[in-house]
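Colleague: Could you take me through this structure? I would like to begin with how the two chains meet.

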Amino acid sequence: MSDRPVADAGKDQPGRNLPPLRLHVPEPRFRPGDHADFSDFAIPPAGAMPRPDEAAAAESFRELAYGLVRVLDEDGQAVGPWDPKLPPETLLKMLRSMALTRAFDARMFRAQRQGKTSFYMKSTGEEAVSIGAALALARDDMCFPSYRQQGILIARDWPLIDMMNQIYSNKGDRLKGRQLPIMYSAREASFFSISGNLTTQYPQAVGWAMASAARGDSRIAATWCGEGSTAEGDFHSACTFASVYRAPVIMNIVNNQWAISSFSGFAGAEATTFAARAIGYGIAGLRVDGNDALAVYAATRWAADRARANGGPTLIEHFTYRVEGHSTSDDPIAYRSADEASHWPLGDPIARLKQHCIRLGIWDEERHAAMDKELAETVRDAARAAEKNGILGHGLHHPMETMFQDVFEEMPWHLKEQQQKMLDEWKAAGL
Amino acid sequence: MNMIQAINSALDVMMERDPDVVVMGEDVGFFGGVFRATAGLQQKYGKNRVFDTPITECGIIGVAVGMGAYGLRPVPEIQFADYIYPALDQLVSEAARLRYRSAGEYIAPLTVRSPFGGGIFGGQTHSQSPEGIFTHVSGVKTVIPSTPYDAKGLLIAAIEDNDPVIFFEPKRIYNGPFDGHYDTPARSWAGHPQAQVPAGYYRVPLGAARVARAGEALTILCYGTMVHVVENTTAELAIDAEILDLRTLVPLDIDAIERSVKKTGRCLIVHEATRTSGFGAELLALVQERCFYHLEAPIERVTGFDTPYPHSLEWAYFPGPVRIGEAIKKIMRD
């Protein structure tokens, strides 16, 4: 029962000795025209976080959920208990996959600007998140990605031309031109069909993992979403299911600070970390330097081992930065400081791993430059081959009637009728 | 068997035959479901195949889609069709489109069971008939049985189907047919010819209507509880109606509809769901397109009104004998 006199409702509350309520609407630190200054960003030191046993109770993860697991220090040395101590060939494979992803992104972004396709999304600055994880998983562990984990396919050596055929919606497109560019599906790479609807893949990954467990399989599932997408209801239901059934799943949150134009504060980042959400669900939560490929690898490997030992799910927040616009349809100049990316305190994931490899004596600048050149040529050659299958709008697409296939396993009468009508109309129009 | 027992039997038969079939939903496990449809299944097949879920419809369907991608054949239950809306994104954007968008790489062979329909004083959130939402979605099949025999045979066919199926169970007729006279004692399925249900495996194919009554005067298109209300109303009026129980709305048995309306020249469409953009509008359009020169009167629709489902005024809302009777008289006059 309110103690407020009815007569006072809607007025300036005379007689009440309380300050007016205020609505808090988050605001990012830097807007266009501002000079981005992260000098007050206290970079947690590499090697400082403890590495608990894979069987540790979920409730003991508070420090890891609010801290930041980092392996590579400012000098490019791998330090601390999370150092995965990878052999040189794995480190170089990781470096190469990241560089290839960046070269692929650059080429496909340009292809969109040249009008060869309608749409593209880069993952610049976030290459370590997908590639570090993919290399830490078994090849037949099932991935339920969002749209910015093309690095998984590249780390799994999926043919570039196949990805490009999809982007060009051409006659070589395995998805028959039905899907927006970059919404890949690659069952043979254990890469789930990407949906435009955010976070729907989260409960699906949990369900896949539950099925694997119910069947006594040894495969696990991993899924990815952005920090903005954690606000979706599917995120909550997935965490609840994962916790309730102790599903063998790794749930990755790629916190790249931006959901199109909305900074992470609109997903709740002002109040807590995203990894900390795990604590309330009784899930192990790790917060990781997402620009440190070794930290991503180590955390994923840890979570995979935990899942395979029936220790249950892990939620990993990858703290990173979306260097480019959200997509080819987005111009970040309109909502954030232009120099934010170059001032980002956790650096560039490729540069950091390269520095580490050079320091180990297994790599050098000359080899790196030669690799970049070779990868650019590889991507160029794949693009030329894909373009022979057609580019968007140039007619080399799948036949029109294929539009009606695969809605159902067998085409029902009403789709057959619509298909025939369409063909008849085109024919009657002399086309 | 009553309809609950028939559904339980279908689940039992399919779980026995196919180790990929799993049953999941709120209260379906240990307890056996709030309507008893899954009674005994967990005890028989174990918790890995029949399990209770958290109360999150989007989670239930999302998890089922993931299980389908793994290779299982999930049969999730949504406790009431009125509560299917939180799962719409997973059903419409994911399950319905998975085969199409992946060009067949991944499929969603789910059968979503859900009690639906009114006539039980369920008020606004235990009475709805949302089939029109799903018939509008490409990639899902919508099935509604009206008898125990069909409930079992259609459910088996739905579970075996490799496409996602929305299986709406008219809860008003779970325990007995309903003639629309709410003020007379409830009847049981005992003695009803369609309640003779074989114990073992059989299928009623999806996409095939059933002629519930053959006749010449007019064609009545209906499904679910309304089949019984229509049967009784036409009997009381002594009208020689041909009653088609559609059974599957998508894919629809258009041949049976066309054949019947061309024979009778008159058509009435009856459903409990609200009128505007309801499935009746699609039926009306199809009949008009295909049977125009055979029609001797305008096609009529008797449906729920375009209001939320009311509690105390249920019998004014429900398309019962009075409203159906008046529509039949009008069609026969025209």
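Modeller: A term comes first: a polar contact is a pair of N or O atoms within 3.5 Å; within protein, one must be able to donate a hydrogen and the other to accept it, and residues adjacent in sequence count only if both atoms are side-chain atoms. This is a predicted model, in which local features need pLDDT of at least 70 and side-chain atom pairs count only at pLDDT 80 or more, while totals for chains, interfaces and linings use all residues. Residues are numbered from 1 along each chain as its sequence is written, chains are lettered from A and ligands numbered from 1 in the order in which they are written, and side-chain values use heavy atoms, with hydrogens and water left out.

Colleague: How many residue pairs are in polar contact across the interface of chain B and chain A?

Modeller: The rule finds 25 such pairs, both residues being at pLDDT 80 or more. The elements of chain B that give two or more residues to the side touching chain A are β2 (50–52), α3 (57–70), α4 (88–95), α5 (98–101) and α10 (279–291). Helices (H or I, at least four residues) and strands (E, at least two) are DSSP runs, numbered from the N terminus. The largest share of that side, 10 residues, comes from α3(B).

Colleague: And how many salt bridges cross the interface of chain B and chain A?

Modeller: Three are found, a salt bridge being a side-chain nitrogen of Lys or Arg within 4 Å of a carboxyl oxygen of Asp or Glu. The side chains of B:Arg290 and A:Glu417 meet in a salt bridge, at 2.5 Å from N to O.

Colleague: How much area do chain B and chain A bury between them?

Modeller: They bury about 3,700 Å², of which 58% is on carbon and sulfur atoms. Buried area is the accessible area (1.4 Å probe) that two parts lose on being put together, summed over both. B:Tyr70, B:Tyr100 and B:Arg101 supply 22% of the area that chain B buries against chain A, more than any other three residues. As for contact (heavy atoms within 4.5 Å), 45 residues of chain B touch 47 residues of chain A.

Colleague: New topic. How many disulfides does the whole structure have?

Modeller: The search finds zero over all chains, where a disulfide is a pair of cysteine sulfur atoms within 2.5 Å. For B:Cys58, the nearest cysteine sulfur is that of A:Cys239, 11 Å away.

Colleague: Why is B:Cys222 not bonded to B:Cys267?

Modeller: Because the sulfur of B:Cys222 is 10 Å from that of B:Cys267, its closest cysteine sulfur, which is too far for a bond.

Colleague: Is B:Cys222 buried or exposed?

Modeller: B:Cys222 is buried, with a relative accessible area of 0%. Buried means under 20% relative accessible area, exposed over 50%, and partly exposed in between (1.4 Å probe, protein chains only).

Colleague: Where is B:Thr219 found?

Modeller: B:Thr219 is in strand β8 (residues 218–222) of chain B, and it counts as buried at 0% relative accessibility. Its side chain makes a polar contact with the side chain of B:Ser260, at 2.7 Å. Leaving aside neighbours within four places in sequence, the residues in contact with B:Thr219 include B:Glu242 and B:Cys267.

Colleague: Which peptide bond is cis, with omega near -5°?

Modeller: That is the bond from B:Val250 to B:Pro251. B:Pro251 has its place in the loop between β10 (248–250) and α9 (254–264) of chain B.
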